[in-house]
Amino acid sequence: MFGKTSKFLFMLPVLMLTQIDSHAQTKFDKATFAGGCFWCMEHPFEKLEGVIDVISGYTGGLKDNPTYEEISTGQTGHLEAVQITFDPFKITYSELLEAFWKQIDPTDPDGQFVDKGTQYKSAIFYHNQEQKALAEKSKAKLDKSGKYNEPIVTNIIKASKFFKAEDYHQDYHKKNPIRYKQYRYSSGRDPYLKKIWGDNIKTEESKNFNKNYKKLSEKELKEKLTPLQYKVTQKDDTERAFNNEYWNNKKQGIYVDIVSGEPLFSSADKYDSKTGWPSFTKPLEPENIVEVEDRSFFAIRTEVRSKHADSHLGHVFSDGLEPTGLRYCINSASLRFIPKENLKKEGYGEYIKIFEK
């Protein structure tokens with residue numbers, strides 16, 4: 001009934017539909033990487049276009065269905081790892097490898113940053129020979145790049161069974177954003193990555209990390225600060241309880257360093273600890289807080305200082321409220337309060353969202 005040409009035209013829609021269906025049924029690939037604490041490995045990959053899913057778990061060990069407590073002993077042989085499901089039409093395995101290297105210290109044979117032990121070692125688990133070849137090529141290239149003074153020791157291992165970690169470990173950065181940011185920074189991961197990669201990497205540091213907060217000269221300090229503010233911030237003094245500016249302040253806003261203006265605490269985390277000083281369950285920007293061992297007054301305490309101005313702020317104790325169980329006991333004289341209505345005007349507009357919930 002139909003000639004060859006008309007028969008082809010009749011079948012064309014079917015051919016087009018077959019091609020569309022074939023693309024729609026694209027087979028997703030998997031990639032598995034170990035880079036120390038898996039909390040810090042989920043988010044960097046989740047942000048990449050073409051990544052479908054990222055799961056924290058355990059792999060490379062001998063025991064089936066290990067628990068976090070079991071692998072934490074370092075006796076099961078498992079590594080904390082993330083398994084990534086990705087669309088190879090949108091992101092390549094080589095691009096994932098590039099992202100992986102920019103999240104770890106590949107020269108550490110004992111773990112990653114503050115976390116030491118076999119379960120925290122870095123590794124690439126390849127799922128096929130192509131991945132193995134690409135991983136070996138990528139590692140050799142990085143080793144010759146001159147970025148590191150030590151050789152790269154990240155292992156390239158054939159993928160074995162991957163066990164999903166407990167639910168509370170999944171998407172930790174979403175469930176506990178402040179703790180997550182604080183952990184990334186205090187563990188040494190973010191400062192290290194920034195040192196190695198500079199502006200070629202986006203870590204989890206806050207937007208304020210690179211602002212021009214600085215310590216003032218002695219002359220500038222004495223001109224700017226009151227005698228009490230100077231004694232507290234520069235001489236590690238303590239103001240009187242129940243007789244300071246912010247101990248009973250109930251207004252909404254943020255508290256910044258009196259010297260530098262770096263953001264430190266939020267009224268959303270402030271509570272009445274009955275001590276007579278401003279108390280907070282957690283910092284607003286953990287990377288702006290430095291903790292130092294204090295052995296004065298015949299006791300060992302943890303002093304809290306600001307990172308950029310190096311101001312003495314107060315101390316942190318472990319008798320606080322949930323969700324952190326911490327009490328940051330801070331001198332009002334070290335702080336300047338910025339009410340929420342003035343945040344945008346004073347250059348802290350990104351914090352307005354805290355008070356819009």
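In which helix is the place of tryptophan 197? Tryptophan 197 belongs to helix H8. Keep in mind as you look around that this is a predicted model.

**Tryptophan 197 and its surroundings**

Is tryptophan 197 buried or exposed? Its relative accessible area is 10%, and buried means under 20%, so tryptophan 197 counts as buried. Setting aside neighbours within four places in sequence, tryptophan 197 is in contact with Trp101, Lys102, Leu142, Lys147 and Tyr148. Take lysine 147 from that list: 50 residues separate lysine 147 from tryptophan 197 in sequence, yet their C-alpha atoms are 8.7 Å apart in space.

**The largest nonpolar core**

In soluble globular proteins, nonpolar side chains tend to be buried together. Here, the largest nonpolar core has 37 residues, and the members that touch the most others are Phe33, Phe45 and Ile84. Several elements each supply at least two residues of this core, including strand E1 (29-35), strand E3 (79-86), helix H4 (93-101), helix H5 (129-143) and helix H8 (189-197). Which helix gives the most? That is H4, with six residues.

Now zoom in on phenylalanine 33. Leaving aside neighbours within four places in sequence, phenylalanine 33 is in contact with Phe45, Ala81, Val82, Ile84, Tyr93, Leu96, Leu97, Phe100, Ala123 and Ile124. Apart from the largest core lies another one, of 13 residues, among them Val304, Leu313, Val316 and Phe337.

**Strand E1 and its partners**

Strand E1 is mostly covered, as five of its seven residues are buried. E1 pairs with E3 and also with strand E6, which spans residues 122-126. The table sets the two pairings side by side.

| Strand pair | Sense | Bridges | A facing pair of residues |
|---|---|---|---|
| E1 and E3 | antiparallel | five bridges | threonine 32 and glutamine 83 |
| E1 and E6 | antiparallel | four bridges | alanine 34 and alanine 123 |

**Two helices that pack together**

How do H4 and H5 pack? Their axes are 10 Å apart and make an angle of about 40 degrees. Because of that angle, H4 is oblique to H5. The crossing in which H4 passes H5 is right-handed. On the H4 side, the residues that meet H5 are Tyr93, Ser94, Leu97 and Trp101. On the H5 side, they are Gln131, Leu134, Ala135, Ser138, Lys139 and Leu142.

This brings us back to where we started: Trp101 in H4 and Leu142 in H5 take part in the meeting of those helices, and tryptophan 197 is in contact with both Trp101 and Leu142.

Terms used
Residues are numbered from 1 along each chain as its sequence is written. This is a predicted model: local features need pLDDT of at least 70, side-chain atom pairs count only at pLDDT 80 or more; totals for chains, interfaces and linings use all residues. Side-chain values use heavy atoms; hydrogens and water are left out. A nonpolar core is a set of buried Ala, Val, Leu, Ile, Met, Phe, Trp, Tyr and Cys residues joined through side-chain atoms within 4.5 Å. Buried means under 20% relative accessible area, exposed over 50%, partly exposed in between (1.4 Å probe, protein chains only). Contact means heavy atoms within 4.5 Å. Two strands pair if DSSP finds at least two bridges between them. Axes are lines fitted to C-alpha atoms, for helices over the stretch in contact, and angles run from 0 to 180 degrees between N-to-C directions. Angles under 35 degrees count as roughly parallel, over 145 as roughly antiparallel, 65 to 115 as roughly perpendicular and the rest as oblique. A crossing is left-handed if the near helix is turned anticlockwise from the far one by less than a right angle, and right-handed if clockwise.
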